[in-house]
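Me: Please take a close look at one metal site in this model and describe how the chain is arranged around it. I would like the criteria behind each term stated as you go.

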2 protein chains.
Amino acid sequence: MTAHPDFLKYVDKHADKFVQRLADAVQIKSISGDAAYREETIAMGHWLEKQLKGLGVTTALKDLGQQTLQGQRLDLPPAILGKLGDDPKKRTVLIYGHYDVQPALQSDGWATDPFTLVEKDEKLYGRGSTDDKGPIMGWLNVLEAHQAQRLELPVNLRFCFEGMEETGSEGLEAFIEKEAAAGEWFNGVDCVCISDNYWLNTRTPALTYGLRGIAYFAINVSGPGQDLHSGLFGRMVHEPMTDLIKLMSKLVDHDGQILIPGIESMVAPPTESEIELYTKMDYSIADVAEAAGASIALSDHKETVIMGRMRYPSLSLHGIQGAFSEPGGKTVIPSKVAGKFSIRLVPPQTPENVVPLVTAYIESEFAKMNSKNKMNVEHSHGGKPWVADINHWNFEAARRAIEAVWNKSPDYTREGGSIPVTLTFAETLGVNVLLLPMGRSDDGAHSTNEKLDLSNFIEGTKVLGTYLYEVAQLAREG
Amino acid sequence: MTAHPDFLKYVDKHADKFVQRLADAVQIKSISGDAAYREETIAMGHWLEKQLKGLGVTTALKDLGQQTLQGQRLDLPPAILGKLGDDPKKRTVLIYGHYDVQPALQSDGWATDPFTLVEKDEKLYGRGSTDDKGPIMGWLNVLEAHQAQRLELPVNLRFCFEGMEETGSEGLEAFIEKEAAAGEWFNGVDCVCISDNYWLNTRTPALTYGLRGIAYFAINVSGPGQDLHSGLFGRMVHEPMTDLIKLMSKLVDHDGQILIPGIESMVAPPTESEIELYTKMDYSIADVAEAAGASIALSDHKETVIMGRMRYPSLSLHGIQGAFSEPGGKTVIPSKVAGKFSIRLVPPQTPENVVPLVTAYIESEFAKMNSKNKMNVEHSHGGKPWVADINHWNFEAARRAIEAVWNKSPDYTREGGSIPVTLTFAETLGVNVLLLPMGRSDDGAHSTNEKLDLSNFIEGTKVLGTYLYEVAQLAREG
Ligand SMILES: [Zn+2]
Ligand SMILES: [Zn+2]
Ligand SMILES: [Zn+2]
Ligand SMILES: [Zn+2]
């Protein structure tokens, strides 16, 4: 059962309207990580609920409580739940997305205002265009195409949209657990589909079956009672920056190997069939260069580089808080600095088994320095890695949908990043979770000039709809 | 020849009047670094010239040209030149000071209005009280005590007061070179006296005979075309932060030793008589702890710690530009980072002989990493160190003056920071330069609640005057 032809035709015909809806969504500055935009983030939730209602979905706004952000006590943006169809003969698909976005200022280097969707060269530029407002609008497009033409949806749908994904999905895990109970919103869900990641490249659609976890750390070093002048105090006192930089330099080698004892050895070497998946992948060293904007791949071997992202842990040094970070030259000895880094985790690594190794190693390296400064290792947040079965009907339906719309077989990928909600759904509902990306590798989520290709938005909408038809078809095939 | 007793008596009798003059000077907000206060800075120059004239000094306002500050084209504050006495039988002493000050807002944490001199517990609080209006007023006090009592000054005096010291003494070096020529203002000067630094502690007067130079660097590392997401790119690409942190970790050891080959070995070990100077110094590890606000001295040996500041080079890591530096946890791979550090230099080090060593070392360390990122070492600014001969009559006169007024032998100190004009006078005029501090170590120049102890102002005035008498006396002694 391929998709209903009227659905596909409607999508092509109404592309402009769909783009306008995305523009309306991008315009709402739903920056969850900035207290100043909390009201607008909540407003985005309300806007989205209204859209769903207008498309025939039964909705509910769910209060997730409060948080303290930038010294303010704030309401969390609500979770938006939706329900459409309750036919016991149909499979029930749960759709997840997030309506909040990363911060963006034009002065960061955007060519255009980040919160005004701009179409240029068949690309839609704007904060949230690809992460994750584009995919959410894709689902609304599917609903509209069916509602407008009075087409029956082939499955029952449940929706779960949150507004805190970019800052840790606060409150969501407990909420999902609650809604998974008998009689609640997620009861009876057969599978989950999440569109919140990207193709491996700019050419071939992907299906994603793995995610790395993460453990985020700060190394806090403090000493002087206040910032000191390097002329007066240089070579008299233990400088926190000297200690911190030394510690940070001992974490990862320049070839990407993690130097913390016990981390690398946890990971099993790849099997031959696994290596074959990587060899088959539509991917080249030139793709890394293109995506990164420079020829800086860690190796010339495609498999090594792609496995570095997908099946090995990585450690990135993000920066230092409390040190001089402006242009120019200030001769300060900062009194209190925090070095930020994170480790991307792969099975069987978890924050629980990795954090103690990291903490013990840094503490022992610091002890060797005989510094009179104070040091502590802070683990701020983390999430487990996840791997799914690609032979499940949920993945099979998506594969068929992609082949029908794009006329191409997908790459089966594992993501280097984490989407913690994936694991929560998998563990809480006990069903297969599919990651079905809409955007391409060069979309620049979280970066300046974020975009979604127009074709990814429109053909991507067709994939989402077709996927639902294939889920229904596979149920019939048994 | 000690000072004329009437001079000393006059100073004691007119302390209130002298404090009032300092209050008048503090009230003028001569903040050279802020375009909004440029007129007031220039007004301060005019006020000072008028004071000098009133005290019998022949003066000239010297135009130093223009600068661009905060987007505005501004006249530089004038240099104030003065001349008093031209007796070929007398020595000619050149006095330097600066009439500009650092910015100050009460909201920065001042207990009282920074531009209203407030006397409390025998301390005079106000911006510029110790840096550097107090010392300049000290000289005016000396002149007044002589003029009012028709006492003859024992030396010829020349004055050079500038209004741009706090923002780099723009235009001053060329100006001093010009005025050093035959027939110009500084022609015939026998020695220079500068009061623009501080005692080593709060107890013992000091004479300062050395200053460290500085070489300021940025290590620029770039790779990706834009910031990358660590989930997507971690362990795929060479990360600029990994390279930079590794390079920065190779510059200085946690005990303060500079690891760049050739830097430490340039410096001769201390002679026994030099070590004795440090042993005699009124200084303890507790003083470091008090000044730094924590017990973080690099050693428990007083001599080691104080030599670290005074006679050895130091390397401080100031921070990183372009990396994540905010609170919270951002999982970014910064595309372009600049690690800032500076080296305080001691003879025979100069920016000229140190910069090539630093650059070559970092380049060779970077080459070992086989990184595909781009790296360059940038030397942004620098200044040579300076050391004077403490056996010169100029220092001897100051020592005698201190002993006469304070009944204590001075500490002979070298400063860890730089006062570039010192070197300019020494090299341009080819005469001995003396740094004769008026204030104490806890005065808080450049900080909130800057103060000058009343006793330092009044006894300090006596020291300045007595010093002139001792210069004359030593000339007679041959
Ligand atoms: Zn997202
Ligand atoms: Zn995101
Ligand atoms: Zn000064
Ligand atoms: Zn100053």
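Reply: In this predicted model, the zinc ion (ligand 4) and the zinc ion (ligand 3) are 3.1 Å apart, with B:D131 coordinating both. The pair links distant parts of the chain, since B:D131 sits in the loop between β7 (123–125) and α4 (133–148) of chain B, whereas B:H446 belongs to the loop between β19 (432–435) and β20 (451–453) of chain B, 315 residues apart. Helices (H or I, at least four residues) and strands (E, at least two) are DSSP runs numbered from the N terminus.

The zinc ion (ligand 4) takes its protein donors from B:D131 (OD), from B:E166 (OE), which appears twice, and from B:H446 (NE2), at 2.1 to 2.6 Å. Donors here are N, O and S atoms within 2.8 Å of the metal (3.2 Å for Na, K and Ca), and water is not among the atoms, so sites may look incomplete. The sequence spacing of the donor residues is D-x34-E-x279-H.

Among the 4 donor atoms the angles span 54 to 138 degrees, and the site is classed as irregular. Four donors count as tetrahedral if all angles lie between 85 and 135 degrees; four count as square planar and six as octahedral if opposite donors are over 155 degrees apart and all others between 65 and 115; anything else is irregular. For reference, the ideal angle for four tetrahedral donors is 109.5 degrees.

The two loop residues can also be described by their accessibility: B:D131 is buried at 4% relative accessibility, while B:H446, with a relative accessible area of 44%, is partly exposed. Buried means under 20% relative accessible area, exposed over 50%, and partly exposed in between (1.4 Å probe, protein chains only).

In chain A, the UniProt annotation "binding site", from an unreviewed entry, covers A:H98, A:D131 and A:D196; although these are spread over 99 residues of sequence, their largest C-alpha distance is 8.2 Å. UniProt positions follow the numbering used here, feature names are shortened, and annotations may be inferred rather than shown by experiment. A:H98 lies in strand β5 (residues 92–98) of chain A and is buried, at 0% relative accessibility. Leaving aside residues up to four places away in sequence, A:H98 touches residues including A:D131, A:E166 and A:D196, contact meaning heavy atoms within 4.5 Å.

Residues are numbered from 1 along each chain as its sequence is written, and chains are lettered from A and ligands numbered from 1 in the order in which they are written. Local features need pLDDT of at least 70 and side-chain atom pairs count only at pLDDT 80 or more, while totals for chains, interfaces and linings use all residues, and side-chain values use heavy atoms, with hydrogens and water left out.
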